[in-house]
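Good morning, and thank you for joining. I would like to take you through the open and enclosed spaces of one protein model, and then the ligand bound to it.

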Amino acid sequence: TKVPKLYQPLKIRNVTIKNRIWVSPMCMYSAKDGFANDFHLVHLGQFALHGAGLVMMEATGVSPNGRITPGCTGIWKDEHIPQLQKITNFIHSQESVAAIQIAHAGRKASTNQPWTITSPDKNKADTDKGGWPEDIVAPSAISYDKNHWTPKELTIQQIQDIKNDFINAAKRADQAGFDVIEIHGAHGYLISEFLSPVSNFRTDQYGGKSLENRARLLVEIVQGIRKVIPQTKPLFVRLSCTEWVESTNEVPTGGNTIKDTIEISKILAQEGVDLIDCSSGGNHPNQKISPGPGYQVFLSDELRQANPQVLTGAVGIIVNGKQANQIVEEGKADAVFIGRQFLRDPTFALNAAEDLDLFVKWPSQYTFGRKKRTSKT
Ligand code: FNR
């Protein structure tokens, strides 16, 4: 019998990923001064041990002020590399692919670890909590809402510096052994703020009404990264494919829609981006989202149909093997990213195979715990 698509390998450039069930990037808020530690090693390692084809490390700051919280991981100095190398070595030892999301939080930076936020007004991290309220930056000097800091508008020189921070971060990620690099261009963080008409009111070449201008920073980052990482390594971009913000008096332009994102994806594909990780929202408090099973899959589907030059990943409330497999079998995505289900069940990639009556190899050390083989596949 045929191997379900979810468990068929996917080759991108020179990297072969053994299946299409991947760990979505998830902040753990457990680093100090950007340094990952053994929490991150065990946390990410467990997914590789239990059969995930690709394990993506959380949004990792390209600069100290680009972190979301003081506990976020970073990759702005060479000293960060050795622990990251330890993580990628382990992931590789389990025949899984190591990926990292590099990020700048923009105007959503300097917030507290979520589990310490007892009410919305406790969101902002002040200096006594390790925050950096004086150093918040964005395309325009407008805060997300009253529970986020008001950013300073970036100068052209500062935009060039941030571009270099991303490029240097990608270089370090390559040195640390990551096989795949993803640029975080979603959820209302810096690149997403640049892309969107609801947060980018600049009048220079990096902003304004033109989508090409708003995408310029991302495109230049992609071009720069492509020059410093091997041609053999895949480059992904996560985008908020729709912002779920309609045009109103308060927000006359409305947010970006899947149409805008398709245009952006065409430019990105030409510049050497291999996969768009199709998420949504996060850039405006007026967003209207109704989350439910697979609620973002249509974005990946539409983008994949409209732009065959890139692969896509689907994400969002994908919680069982049959659902995950159907998404890739129906051609709505090339792979699925799983977030919270992996937190609930780190063995999800093995259990999802069981749901599909598929025999997948368990780690040798664990085979004594495996149920008897139930199918011929
Ligand atoms: C996230 N998410 C997220 N997204 C991202 O692009 N970078 C990140 O670092 C994080 N961090 C993060 C932390 C935690 C604790 C959660 C729960 C989520 C979003 C995540 O990758 C995913 O897109 C969503 O959670 C939706 O997928 P699930 O969880 O429904 O499978």
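Let me begin with a term: a cavity here is a set of grid points where a 1.4 Å probe fits but cannot get out, and its lining residues have an atom within 4 Å of a point. Please also keep in mind that this is a predicted model.

By that rule, the count comes to four cavities of 30 Å³ or more. The largest cavity holds about 70 Å³ of space. Which residues line the largest cavity? They are Gly185, Ser192, Leu195, Ser196, Leu239, Ser240, Glu243, Asn256, Thr261 and Ile264. Three elements each give two or more residues to this lining: helix 4 (190–195), strand 9 (235–240) and helix 7 (258–270). By class, the lining of the largest cavity divides into six polar residues, three nonpolar and one charged.

I turn now to the pockets. In the largest pocket there is about 1,100 Å³ of space. Its lining is made up of 43 residues, and those nearest the centre of the pocket are Tyr29, His187, Tyr189, Arg238 and Arg340. Strand 12 (335–338) and helix 10 (340–344) are the elements that give two or more residues to this lining. Which element supplies the largest share of the lining of the largest pocket? That is helix 10, with four residues. In terms of class, 20 residues of the lining are nonpolar, 18 are polar and five are charged.

The second largest pocket contains about 420 Å³ of space. It is lined by 20 residues, with Lys18, Gly51, Gln94, Glu95 and Lys361 the closest to its centre. Here the elements that give two or more residues are helix 1 (38–49) and helix 11 (348–355). The lining of the second largest pocket has eleven nonpolar residues, six polar and three charged.

Where, then, does the ligand sit? The ligand is placed in the largest pocket. It is surrounded by 15 residues, of which Ser24, Gln101, Ile317, Gly339 and Arg340 are the closest. This shell consists of seven nonpolar, six polar and two charged residues.

Several polar contacts deserve a closer look. In the side chain of Arg340, an N or O atom is 2.7 Å from an oxygen atom of the ligand; Arg340 is also among the residues nearest the centre of the largest pocket. Gly339 makes its approach through the backbone, with an N or O atom 2.8 Å from a ligand oxygen. Arg238, another of the residues nearest the pocket centre, has a polar side-chain atom 3.0 Å from an oxygen atom of the ligand. As for cover, the ligand on its own has 600 Å² of accessible area, and the protein covers 83% of it.

To return to the main point, the ligand sits in the largest pocket, and Arg340 is one of the residues closest to the ligand. Thank you for your attention.

Notes: Residues numbered from 1 in each chain as written. Predicted model: local features only at pLDDT ≥ 70, side-chain atom pairs only at ≥ 80, totals over all residues. Heavy atoms only, no water. 1 Å grid on protein atoms, 1.4 Å probe; cavity = no way out; pocket = protein on both sides within 12 Å on 5 of 7 lines; lining within 4 Å. Points joined across faces, edges and corners; volume = space filled by probe spheres on them. Nonpolar A, V, L, I, M, F, W, Y, C, P; charged D, E, K, R; others polar. Near = heavy atom within 4 Å. Polar contact = N/O pair within 3.5 Å; in protein donor to acceptor, adjacent residues only side chain to side chain. Areas by Shrake-Rupley, 256 points an atom, 1.4 Å probe, with all protein chains shown as cover. Sits in = over half its atoms within 2 Å of the grid points.
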